[in-house]
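Please load the model in your viewer and keep a selection panel open, since each stop below begins with something to pick out.

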Amino acid sequence: MIAVDEVGVVVSGVTLLAPVSAAAPAGSALIVRGRNGTGKSTLLRVLAGVRRPSTGVVRVAGEAVAERDRGFRRRVAAMIGLPPMAPDLTVLDHVTLVATTWLDDPRAAEELARAVVVELGLDGLAERFPHELSSGQTQLLGLALVLARPFEVLILDEPEQRLDPEHVESVVRVLRARRDAGATLVIATHSAVLADGLADRTLDLDAA
Amino acid sequence: MNGRSQAAQRIWRARRPRSTGDRLFLAYMIMMVALVVVAPILRAIWLSATSAAGIALLASPVAPAVAVLVTAVLWASALLLGRDRGPALLPPFLAHALGTSDLSRSDLLRLPLLRAGAIVTAVTTSAATLVGGSLASQGIIGALALGVFVLTGVLVGVIAAVAWLAGQALPRVAVPIALGVLVLGVLAAFVPAVQPFTPWGWVGLAYPSSGGPTPAVVGLVILAAGLVALVPVLLNRLHLAELIAQAARWESASTFAASLDLSTAAAAYRQRPRLGRRLRAVRAGRPLWATFLVRDAIGALRTPGRLVVGALALAAAGTLLALAFAPAAPGWLLGALAGLLAFAGLGPLTDGIRHAASVASDLPLYGIGDAHLLAGHALFPLVVLVVVLLAAVTVCAVVVGVASLSPALGSLALGVVALLARIDDALKGPMPPALLTPVPTPAGDLGAAARAAWSVDGVLLAAGASAALAAGSPILLIVTAAILVGVGVNRWRHRR
């Protein structure tokens, strides 16, 4: 599903990502590891189509990355940092709005939104506004927004951020279910729990 | 002030010593801003006030009623402002360090309160001096009436400062009191018989063209003295947590404002929703345009205070625009004010547009394109502004007795221009590096002026377009609107 061939990023002579290659077939999880500053987020940005590589090529389902292409946007969901949240919407409003814009069937959209909220343990917080959430709960809302839509590829940058061990476990369960249903996951993480729970392949940028 | 408190504040002030060079540069900056910016503005205001039209306005029979209304609005606004940013404020660290000590709040906060109160009083006194001085310069009033009105200006400022503090110390009761002041202010402005029974009415009775000094000023003196006596009680009522929260918010907003990031600075004071959480803003099954319209409407209803203020500002914009079309009215001035108010009034209605702009500059979140998302979020403010502006223009045109067609069409143009300015503002992003280049001129570095203009370009263009509209200059209106569109398209293309 994803093929990364000698992709590197250099800006003004500074190497943000040394050339790397990797591949992840459908229904697998590629875990990207490495110390701070080795280019994990940069690589994810290239995969999500928001940064052009200086060298190499990325292909998703055999096609070049094109963030402005509707088909690509439908295929690839990404969370690199928290998504923008609306201060005047509740948790459930947020998730339902995202689902509504992706699914034609209203019932399916409502069901998907509620299912994601329950899966991530946000059901008790459904009527809260973003400013009423803790940092961990805000992280879960960010994950809920990226999961409340159809995708073939899911790109996540350190989804364990701000979460306690119990919630990291539940995120592993949620992501494993997506992988087992056929989605390709590319996840940059420092969490051994996440890596051990999901990794089919590992790309270690320290070794690149 | 207590010695310990003084010592602590002295240490705080000494944390960043200024060299002689820094002091000289600061003096140079102040002098240049005074000469290049302040002096011409003051001169223009004085010339406008003492022109034939200005004197006719200041000496007109409705001027005292306007003074009543302005005073009531000032005092009510001071009460409401105190809830978010009171006059008794210290930097966050000092607020914490001194606020947790055994020093009394009235001791700690007297100095910042006096400083803030002096600024408010200076502004009201200057306004009273301008009005009284203009009338005196034409021989309409004598020196005694001028002196009494200047004193009235001082008293209005003192009362406003205490009202500001009252809003900070009593945030809950400040809202109903402010609403009461506003309602009774409007009543006193339109029903002169009520004026002797209200403090804002006393200001109207003390107006120089009302027939000379009246006992109303004595009433204002007694009221101001009584309120000043309450100041220590109000200061000692302030809660530490709220003092620190206000201090932190102010410091954050000041830092962003100093770097000309006014949107982020304003966001620090944007009211957060607490109401209407059980009202579903989003339900699947509606057409997308209706989804965004309902979602934005319910989102706005969740902060009803902001929504009402926004609607009132739009109504005031419509009223001013209708008045601008009246014969012999200072069209450009009223038009510019209408543009400014329309831009400000759209602020609480365009949360959705700001969210769409954030999403458009980030990774894709919704299953629709960025342009579609922005258009969906523009629907709610568009509907509200058309309804409110048209209603205000029609009512005002009927009351004043001018034809309503031109102002109505003008208000629609104003609404569209103000909305474009808001969209441009939402898409602004960080300052272009080119603006950081110095522009040396004999009058100093104009680069600072360019950066300041960039930071408020939306409101400037909206006010400019509206002034051109009211002054009957369609070419200037079209040019300004074209600039707005051009700026918006450019920012849209570079949003990521």
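Begin by selecting helix α6 of chain A, residues 165–180, in this predicted model; α6(A) lies across three strands of chain A, namely β3, β7 and β8 (184–188), and runs at about 145° to β8(A).

Next, add helix α5 of chain A, residues 135–147, to the selection. This helix lies across β6 and β7 (153–157) of chain A, and its direction makes an angle of about 170° with β6(A).

With both helices in place, select the strands of chain A that they lie across, together with β9(A), and you will have an open sheet of 5 strands in the order β6-β7-β8-β3-β9, with parallel pairing. At the edges are β6 (76–79) and β9 (201–204) of chain A, each of which pairs on one side only. If you compare the directions of neighbouring strands in this sheet, the turn between them is 15° on average, with direction ignored.

To look at one pairing in detail, restrict the view to β3(A), residues 29–33, and β9(A), which are joined in the parallel sense over 4 bridges. Pick A:L30 and look for its bridge partner in β9(A), which is A:R201. Strands of a sheet pair through backbone hydrogen bonds, so displaying backbone atoms is helpful at this stop.

Now move to the interface by selecting the residues of chain B in contact with chain A: there are 34 of them, and they meet 35 residues of chain A. Which residues of chain B lose the most area to chain A? They are B:R277, B:L363 and B:L365, which together account for 21% of what that side buries. Between them, the two chains bury about 3,100 Å², of which 60% is on carbon and sulfur atoms.

Keep B:R277 selected and add A:E132, because the side chains of these two residues meet in a salt bridge, with N to O at 2.7 Å, inside the 4 Å cut-off that the rule applies. Across the interface of chain B and chain A the rule finds 5 salt bridges, and it also finds 12 residue pairs in polar contact, counting pairs with both residues at pLDDT 80 or more.

For the last selection, take α14 (288–301) and α17 (351–360) of chain B, the elements that give two or more residues to the side of chain B that touches chain A. Of the elements, α14(B) gives the most to that side, with 6 residues. Coloured by residue class, the side of chain B that touches chain A divides into 15 nonpolar, 7 polar and 12 charged residues.

Definitions and conventions:
Residues numbered from 1 in each chain as written. Chains lettered and ligands numbered in written order. Predicted model: local features only at pLDDT ≥ 70, side-chain atom pairs only at ≥ 80, totals over all residues. Heavy atoms only, no water. Contact = heavy atoms within 4.5 Å. Buried area = accessible area lost by both parts, 1.4 Å probe. Polar contact = N/O pair within 3.5 Å; in protein donor to acceptor, adjacent residues only side chain to side chain. Nonpolar A, V, L, I, M, F, W, Y, C, P; charged D, E, K, R; others polar. Pairing = 2+ DSSP bridges. Axes fitted to C-alpha atoms, helices over the stretch in contact; angles between N-to-C directions.
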